[in-house]
Amino acid sequence: MKTYNIAVIEGDGIGPEITAAGMQVLEAVGQKYGFGFTFNKVLAGGRAIDELGYPLPEETVHACLESDSVLLGAVGGPKWDSLPGHLRPEKALLGVRKALELYANLRPARLLPELKAACPLRADIADKGFDMVIVRELTGGMYFGESGRRFGSGGEEAFDTECYSVMEIERIGVIAFELARSRRKNLISIDKANVLESSRLWREVMHRLAERYPDVQYSDMLVDNAAMQLIKNPAQFDVVVTSNMFGDILSDEASQITGSIGLLPSASLGETKRGLYEPIHGSAPDIAGQNKANPIATVLSCAMMLRLSLGQPEAAQDIEDAVSRVLAKGMRTADIAAPGEKALSCTEMTQAILAELA
Ligand code: IPM
Ligand code: MG
């Protein structure tokens, strides 16, 4: 029997609860389709800081490199907020992305018909629905540029630099164009080319690539306008490609208009099959340990893993369909329940998904 080796970073806050849900769902589809998993739990983030004094142990990086893919809950929390930048839990996540060279982050955002009522947009806009994928560059830009502190004429200063090479822009561009080609053939690249030199190079490279993809309808959009268009007319977006920083911000915005950030999965990919799969939400320390978290984003991240890294598209589809059916039956966790409506716990929602899969 084919057995996949998955490194699991449970992380902080609700991380252990949602990754448990993900592992249960993976086990269940494995049994159904005839493959197995070994889950190798490894330490990173706040828990690593508490136990070892630093966020990303070398063994964790090794285990991830040796795995078929990585499943991650979420890292961070107020407990570690006062630590210096290089010792924060978030550093673990950035370190894993970098060590595995996962430069392409795919963040689908789709308004499920069942969740129109949870969408905060005006009814006539929600009625049109939307289905987009944000392709976020993940190992470059301001997140990894030169940064530091120094003294200038105004006293202490701090700086972070946005730097992109042609190679970095091209490889994320190719992923986005190929993805657009497999969907509705529309790609919008988001930048700030009216102000930033790095955006002007970004735009030049995207335009050169566009010539190689004449079947894809390509356009540019400035990031401030994009933030507005996401609310005004989200249906216009199919595939969106953007930098690390703009993608971080816009993907939170896109997730919120789907009804809840608790629904959205993500995949981070590089040149190999191995990917990192995580919900796009954070560690939600306010509800940690209370069995209230929505496991759907993590469960759907597992579906993405099956499709994009493990070559099991049927099992992936099965999970996605099970989630849709559960939502269509009106089952809701607290984040997506209407006021006064009964909310399922994290484990109840997981059981409901497992029951659909059975
Ligand atoms: C995300 C998160 C991370 C990021 C944090 C936790 C470092 O916000 O995955 O979007 O900024 O990339
Ligand atoms: Mg973010």
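**Where ligand 1 sits**

The space that ligand 1 takes up is the largest pocket. Keep in mind that this is a predicted model. Here's a quick tour of who surrounds the ligand and who makes polar contacts with it.

**The neighbours**

- Seven names to look for around ligand 1 are Glu 90, Leu 93, Arg 97, Arg 107, Arg 136, Tyr 143 and Asp 248.
- Sorted by class, that shell holds five charged residues and two nonpolar ones, with no polar residues.

**Where the shell comes from**

- Helix H4, which covers residues 90–99, gives the most to the shell, chipping in three residues.
- Two domains share the job: domain 1 (1–102 + 272–358) and domain 2 (120–257) each supply at least three residues of the shell.

**Polar contacts**

- Tyr 143 has a polar side-chain atom 2.6 Å from an oxygen atom of ligand 1.
- Arg 97 also joins in, with a polar side-chain atom lying 2.7 Å from a ligand oxygen.
- For Asp 248, an N or O atom of the side chain is 2.9 Å from an oxygen atom of ligand 1.

**How covered is it?**

- On its own, ligand 1 exposes 320 Å², and the protein buries 78% of that.

Key:
Residues are numbered from 1 along each chain as its sequence is written. Chains are lettered from A and ligands numbered from 1 in the order in which they are written. This is a predicted model: local features need pLDDT of at least 70, side-chain atom pairs count only at pLDDT 80 or more; totals for chains, interfaces and linings use all residues. Side-chain values use heavy atoms; hydrogens and water are left out. A residue is near a molecule or strand if one of its heavy atoms lies within 4 Å of it. A polar contact is a pair of N or O atoms within 3.5 Å; within protein, one must be able to donate a hydrogen and the other to accept it, and residues adjacent in sequence count only if both atoms are side-chain atoms. Accessible areas come from the Shrake-Rupley method with a 1.4 Å probe; for residues, only the protein chains shown count as cover. On a 1 Å grid over the protein atoms alone, a cavity is a set of points where a 1.4 Å probe fits but cannot get out, and a pocket is an open set with protein on both sides within 12 Å along at least five of seven lines; lining residues have an atom within 4 Å of a point. A molecule sits in a cavity or pocket if more than half of its atoms lie within 2 Å of its grid points. Helices (H or I, at least four residues) and strands (E, at least two) are DSSP runs, numbered from the N terminus. Ala, Val, Leu, Ile, Met, Phe, Trp, Tyr, Cys and Pro count as nonpolar, Asp, Glu, Lys and Arg as charged, and the others, Gly among them, as polar. Domain bounds come from an automatic or database domain assignment.
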